[in-house]
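Subject: Structure handover

Hello,

Here is the structure you will be working with. Please look through it once before reading the notes underneath.

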Amino acid sequence: MHEFYVQFRSLRDVQDFVALASKLKHRLTVGNDRFQVHATSFMGLFALNCRKPQKVSVECMEEEFQEILTVFDRFLAK
């Protein structure tokens with residue numbers, strides 16, 4: 001399992017993130033240790049505290065993970 005953190009700064013960020021996650025063949029989950037939602041769930045993402053960076057988890061090979069990081073680059077928490 002691979003993990004990275006994202007930060008949403010606007011409603012548009014959440015919409016764009018969900019649209020990108022919906023195009024991937026891998027299942028991504030977003031959240032923290034207590035509460036996780038599917039990355040394709042617009043309403044689920046709003047149940048999270050989007051003011052803080054959120055952990056994204058994905059089961060994939062290392063090469064695929066690097067591609068996923070590229071897709072979500074603009075959302076990565078820095």
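**What was found**

In strand S1, which covers residues 2-6, the side chains take turns: His-2, Phe-4 and Val-6 face one way and are buried, whereas Glu-3 and Tyr-5 face the other way and are not. Keep in mind that this is a predicted model. The pattern in S1 is one you will meet again, because side chains in a regular strand alternate between the two faces of the sheet.

**The fold as a whole**

The protein contains 3 helices and 4 strands. Its radius of gyration is 11 Å, close to the 12 Å that the globule rule gives for 78 residues, so the protein is as compact as a globular protein of that length. In sequence order the elements follow the pattern β-α-β-β-α-β-α. Along the principal axes, the C-alpha atoms fill a box of roughly 30 × 25 × 25 Å. Of the 78 residues, 44% are buried. The accessible surface is about 5,100 Å², and carbon and sulfur atoms account for 52% of that surface. If you take the contacts between residues at least 6 apart in sequence, 69% of them join residues at least 24 apart.

**Strand S4 and its partners**

How many of the residues of S4 are buried? The count is 5 of 5, so S4 is mostly covered, given that buried means under 20% relative accessible area. Gln-54, Val-56 and Val-58 point one way from S4, Lys-55 and Ser-57 point the other way, and all are buried.

S4 spans residues 54-58 and pairs with S1 in the antiparallel sense over 5 bridges. Two of the positions can be named: His-2 has Val-58 as its bridge partner in S4, and Val-6 stands opposite Gln-54. S4 also pairs with S2, again in the antiparallel sense, over 4 bridges. Here Leu-28 stands opposite Val-58.

Ser-57 is a useful residue to look at within S4. Its relative accessibility is 6%, which is why Ser-57 counts as buried. Leaving aside residues up to four places away in sequence, Ser-57 touches Met-1, His-2, Glu-3, Arg-27, Leu-28 and Thr-29.

**Helix H1**

H1 runs over residues 11-23, and its 13 residues should span 18 Å at 1.5 Å a residue; the end C-alpha atoms are 19 Å apart, which agrees. The buried residues in H1 are Asp-13, Val-14, Asp-16, Phe-17, Val-18 and Ala-21. What do the buried residues of H1 pack against? They pack against S1, S2 (28-31), helix H2 (42-46) and S4.

**Aromatic residues**

There are 8 aromatic pairs in the structure. One of them is Phe-42 with Phe-46, an edge-to-face pair with 4.9 Å from centre to centre and 70° between the planes. Phe-42 and Phe-46 are 4 residues apart in helix H2, so about one helical turn separates them. In general, an α-helix has 3.6 residues a turn, so residues three or four places apart point the same way. At 29% relative accessibility Phe-42 counts as partly exposed, and Phe-46 counts as partly exposed at 38%.

A separate item is the aromatic cluster formed by Phe-4, Phe-8, Phe-17, Phe-65, Phe-72 and Phe-75. Two of these names appeared earlier: Phe-4 is one of the buried residues of S1, and Phe-17 is one of the buried residues of H1.

Regards

Note on methods. Residues numbered from 1 in each chain as written. Predicted model: local features only at pLDDT ≥ 70, side-chain atom pairs only at ≥ 80, totals over all residues. Heavy atoms only, no water. Buried < 20%, exposed > 50% of the residue type's maximum accessible area, 1.4 Å probe, protein only. Pairing = 2+ DSSP bridges. Contact = heavy atoms within 4.5 Å. Expected span 1.5 Å × (residues − 1). Rg over C-alpha atoms; globule rule 2.2 N^0.38 Å. Areas by Shrake-Rupley, 256 points an atom, 1.4 Å probe, with all protein chains shown as cover. Phe/Tyr/Trp six-rings, centres within 6.5 Å; stacked < 30°, edge-to-face > 60°.
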